[in-house]
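Please open the model in your viewer and show it as a cartoon. The tour goes from the whole chain to single residues.

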Amino acid sequence: AAGRALVPSPNAVAHFLALLGAGAAFLLLAFTIFLPVIVVAPAKFALCFSLGSALVMASVFALRGWRAHAAHVLSADRLPFTATYAASLGVTLYAAVILHSYLLSLAACGVQVAALAYYGASYLPGGTASLRAAGGVAWTAASGALGLSR
């Protein structure tokens, strides 16, 4: 019986696929239709991107079980990710819908992407260390290109 708990039910898999598909559709819409016009319509991009991001995250909740995954992401070692992701989601929407700031919207979306990448990588052996190393290389390259390095 303990082994069965590791295998999601067909209903959970169906919910996972539906939420993942809807999330992917909103992300595709955000990047193909609204990213090119983010300067004039930041709210449309932010809403599509944030909804897509939240639906993708919800798909994992559906697959793993809502209560079990909520307890997992609220555990002490996952709480920094959860807080960063939730805050970036809120800031993205606030910046786009209330402030109409495309720069802040893009920055907050970038934080969302980084939080989701860290979350996904945390399940892979050496994933977070690899992300930190890649971030260090990217920072070195960007700071060198911008003339920020000594």
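In what order do the elements of the protein chain run from the N terminus on? They run α-α-α-α-α-α: six helices and zero strands (DSSP runs, numbered from the N terminus; helices are H or I of at least four residues, strands E of at least two). This is a predicted model, in which local features need pLDDT of at least 70 and side-chain atom pairs count only at pLDDT 80 or more, while totals for chains, interfaces and linings use all residues. Residues are numbered from 1 along each chain as its sequence is written, and side-chain values use heavy atoms, leaving out hydrogens and water.

Next, select M57, F61, V73, F81, Y85, L89, A115 and Y119. These eight residues form the largest nonpolar core, a set of buried Ala, Val, Leu, Ile, Met, Phe, Trp, Tyr and Cys residues joined through side-chain atoms within 4.5 Å. Buried means under 20% relative accessible area (1.4 Å probe, protein chains only). Helices α2 (42-64), α4 and α5 (102-121) each supply at least two residues of this core, and α4 gives the most, three. Apart from it lies another core of seven residues, including F34, I38, F45 and C109.

Now go to T92, in helix α4 (residues 79-98). T92 is buried, with a relative accessible area of 0%. Beyond neighbours within four places in sequence, T92 is in contact (heavy atoms within 4.5 Å) with A46, S50, S105, A108, C109 and Q112.

Finally, select L89. Not counting residues up to four places away in sequence, L89 touches S50 and Q112.

Note on methods
Buried means under 20% relative accessible area, exposed over 50%, partly exposed in between (1.4 Å probe, protein chains only).
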